[in-house]
Amino acid sequence: MVDVLQALVQRPNFVVFVILFLWGVYIMAAHPNLVKKLIGLYIVQTSAIFFLVAFSAKDGATVPIIFTDSATVDAAVYANPLPHVLTVTAIVVQVATLGVSLALVSAIYRKFGSLDEDEVLERVE
Amino acid sequence: MSSNLPILLFFVPFVTAVALPILTAKRRSWCAPLAIGAVSLMIVLSIANLRLVMSQGSIEYALGGWAVPLGIAWLDDPLAAVMVLAVSAVSLLSLIYGRAVAAARFDNSMPYYTLVLLLIAGLVGIVFAADLFNVFVFLEVSAISAYALVGAAGGSAAVYAFRYLLLGSLGATLYLLGVGHLYVATGTLNMADLATRIPELITSTAIVAGFIYIFLGLSIKMALIPLHGWLPDAYASAPRAVTPLLASTVTKVALVAWVRIEYSLIAPGVEVGHVPVLVLLEELGVIAALVGGSLALIQTDLKRMFAYGGIGHVGLILIGVSLGNPTGFAGGVFYLVNDAVMQLSLFMIAGAVAHYYGARTLDELRSLRQRSPWLTGALVVVAVGMVGLPPTGGFFGKWNIVLGALEAEHYLAAFAVVASTLLTLAYFVRILTNWFHQPAMPDAAPVELARPVYVSLGIVSVAMIVLGLLSDSIFEFLLRTGGGI
């Protein structure tokens with residue numbers, strides 16, 4: 001028990017990630033409003049991005065541009081660029097998904113005049 | 001030139017997709033010829049690529065000349081070469097077919113052709129990518145086009161497309177989390193690099209969690225039971241012109257991504273906490289095959305029945321590739337290619353029946369009295385293929401999966417393949433008894449199918465048999481996919 005608590009306290013980033021993730025999934029599953037479902041999805045996606053950023057954070061590191069001409073490069077001085085690149089790409093993907101999803105939501109609203117999932121499904125069937 | 005074939009295969013549909021809105025702004029009638037031309041060019045390139053891989057073996061392609069592990073790698077191996085050819089051929093047929101049955105507003109519609117080309121580009125990317133993050137990006141490129149295509153009909157289709165989008169994006173996020181976990185544990189995203197580092201770390205929590213996330217994410221994308229919820233409604237309500245393409249490629253290519261990950265990263269016989277990983281995957285496949293087949297049997301809507309049939313077949317393929325021996329692997333992958341062709345045929349038939357007879361359910365099929373001989377022929381051929389009788393490819397795929405299961409002494413898997421065959425037979429008997437329920441009207445002329453429809457139905461039916469006849473050489477070729485087993 002103490003071990004688990006200690007592990008949690010030492011990793012606040014990951015606790016936040018888990019909370020965000022579960023929160024988003026809960027909103028997606030529980031809210032009948034389609035736009036709120038999208039917000040839930042957005043929180044889930046943000047939690048994944050938060051996870052990528054959290055593990056790549058490095059104290060006292062600088063941008064990964066090599067300043068010296070010497071052959072030996074001290075890797076500890078530089079931040080790892082790769083997770084950040086992944087993050088940027090993931091955000092782009094997220095934006096594209098959001099665009100398509102909003103288009104679909106507005107198509108649904110124009111057709112059914114409602115954003116409530118239960119009402120919409122009732123009218124579909 | 002020849003060494004750049006993988007990237008060319010990606011750029012042909014991608015560049016055409018991007019250029020299409022500009023080129024056709026004033027000449028709407030150029031849309032279809034341009035798109036069909038691009039996909040035909042892809043077929044030529046993928047045949048050249050297949051010949052190249054046949055003669056030289058797998059080729060590792062470093063994007064932009066940056067060597068692995070710094071750069072992004074694409075792998076052009078037998079699996080990729082076969083899949084790319086299958087994807088291009090399936091796309092060409094469904095584009096030609098789509099023109100004939102599409103609603104009037106799809107005719108020369110720039111968004112439709114752009115989305116289809118983007119979808120194809122994404123699929124080609126997934127097939128070639130040998131880098132976990134690259135797979136994520138291409139999964140999303142193809143998925144976003146697929147959401148839009150499903151929702152294109154508006155109305156109830158938009159509702160189901162929205163549901164597909166929610167689940168699909170959740171799947172993609174899970175996949176991304178898994179990639180993050182594997183990266184934290186190993187420091188690389190390249191599959192070949194991961195393959196050398198993972199065996200010693202396989203019991204680490206981060207790796208196991210990463211694999212679970214990746215598998216969950218891809219399971220949503222490939223509609224593995226019980227994560228298949230989005231598929232039947234989405235396919236049943238999507239426009240007739242796009243369902244064949246979506247059904248035959250999107251889930252299958254997600255499965256290809258998983259096959260690649262499983263095949264190169266999970267060695268046969270690996271156990272995590274006394275759970276043999278491959279056997280677990282195989283059992284999931286058994287569940288999917290049996291439940292999918294049973295659900296197909298109780299459907300009354302033709303498209304939904306075919307959709308559940310496809311879901312069951314995903315299980316069969318997963319069984320094949322998870323057996324841990326070359327026979328099962330070749331059988332599974334071969335069946336995957338076959339299944340793409342069969343799903344194309346099934347949904348083309350369902351679309352044509354809806355288009356020409358207005359029939360969607362089995363009950364409506366009962367009252368048909370003018371049956372088109374082309375549709376009857378295609379339906380019988382695809383029934384033979386789905387049930388798995390020689391000489392269609394379906395038989396040889398299933399036969400090898402069963403042989404592989406017996407070789408690995410996994411009798412449950414062998415039983416599941418046979419049982420799912422019987423379930424498939426059962427639902428095709430249901431379809432065919434309804435199809436032939438009424439005696440044909442003797443003097444009425446049958447409904448004339450448009451030429452593109454019967455030509456593409458004919459080609460697909462012939463392709464199923466040709467795949468069966470060539471099965472031996474395809475097996476041998478697929479087994480040259482380098483890696484774990």
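How many salt bridges does the structure hold over all chains? The total over all chains is seven salt bridges, a salt bridge being a side-chain nitrogen of Lys or Arg within 4 Å of a carboxyl oxygen of Asp or Glu. This is a predicted model, in which local features need pLDDT of at least 70, side-chain atom pairs count only at pLDDT 80 or more, and totals for chains, interfaces and linings use all residues. Residues are numbered from 1 along each chain as its sequence is written, chains are lettered from A and ligands numbered from 1 in the order in which they are written, and side-chain values use heavy atoms, with hydrogens and water left out.

Chain B contains 19 helices and four strands. Helices (H or I, at least four residues) and strands (E, at least two) are DSSP runs, numbered from the N terminus. The C-alpha trace of chain B spans about 75 × 55 × 45 Å along its principal axes. Its radius of gyration is 21 Å, which agrees with the value near 23 Å for a compact globule of 485 residues. That radius is taken over C-alpha atoms, and the globule rule is 2.2 Å times the number of residues to the power 0.38. Of the 485 residues, 62% count as buried. Buried means under 20% relative accessible area, exposed means over 50%, and partly exposed lies in between (1.4 Å probe, protein chains only). Contacts (heavy atoms within 4.5 Å) were also counted. Among those in chain B with a separation of 6 or more, 79% come from residues 24 or more positions apart.

The accessible surface of chain B is about 16500 Å², and carbon and sulfur atoms hold 67% of that area. Accessible areas come from the Shrake-Rupley method with a 1.4 Å probe; for residues, only the protein chains shown count as cover. Chain B carries 22 positive and 23 negative side chains, with the centres of the two sets 16 Å apart. Lys and Arg count as positive and Asp and Glu as negative, while His and the chain ends are not counted. Each charge is placed at NZ of Lys, CZ of Arg, CG of Asp or CD of Glu.

Side chains of opposite charge can pair when their charged atoms come close. One such salt bridge joins B:Arg260 and B:Asp77, at 3.1 Å from N to O. The two residues are 183 residues apart, with B:Arg260 in helix 10 (residues 243-265) and B:Asp77 in the loop between strand 2 (73-76) and helix 3 (78-101) of chain B. B:Arg260 counts as buried because its relative accessibility is 7%. B:Asp77 is buried too, with a relative accessible area of 3%.

Helix 10 also supplies B:Lys252, whose partner B:Asp339 lies in helix 13 (residues 326-357), so the pair ties together parts of chain B that are 87 residues apart in sequence. Their salt bridge is 3.3 Å from N to O. Both B:Lys252 and B:Asp339 are buried.

A further salt bridge joins B:Asp233 to B:Arg163, with the closest N and O atoms 3.6 Å apart. B:Asp233 sits in helix 9 (residues 230-237) and B:Arg163 in helix 6 (residues 156-186) of chain B, so parts 70 residues apart in sequence are tied together. B:Asp233 is buried at 18% relative accessible area, whereas B:Arg163 is partly exposed at 26%. A network of salt bridges links B:Arg163, B:Asp233 and B:Arg304.

Backbone geometry in the loops of chain B was examined next. The loop between helix 8 (205-222) and helix 9 contains B:Pro226. The peptide bond from B:Ile225 to B:Pro226 is cis, with omega near 10°. B:Ala223 lies in the loop between helix 8 and helix 9 as well. Its phi is near 60°, a positive value in a residue other than glycine. B:Ala223 is buried, at 1% relative accessibility.

A cis peptide bond, with omega about 10°, also joins B:Pro390 and B:Pro391. B:Pro391 is in the loop between helix 15 (373-387) and helix 16 (393-407). B:Glu409 follows in the loop between helix 16 and helix 17 (411-435). This residue has a positive phi of about 60° although it is not a glycine. B:Glu409 is exposed, at 57% relative accessibility.

Chain A comes to five helices and zero strands. Its radius of gyration is 21 Å, well over the 14 Å that the globule rule gives for 125 residues, so chain A is more spread out than a compact globule. Its C-alpha atoms fill a box of roughly 70 × 45 × 15 Å along the principal axes. Buried residues make up 31% of the 125 residues. Of the contacts in chain A between residues at least 6 apart in sequence, 48% join residues at least 24 apart. The mean positions of its 7 positive and 10 negative charges are 8 Å apart.
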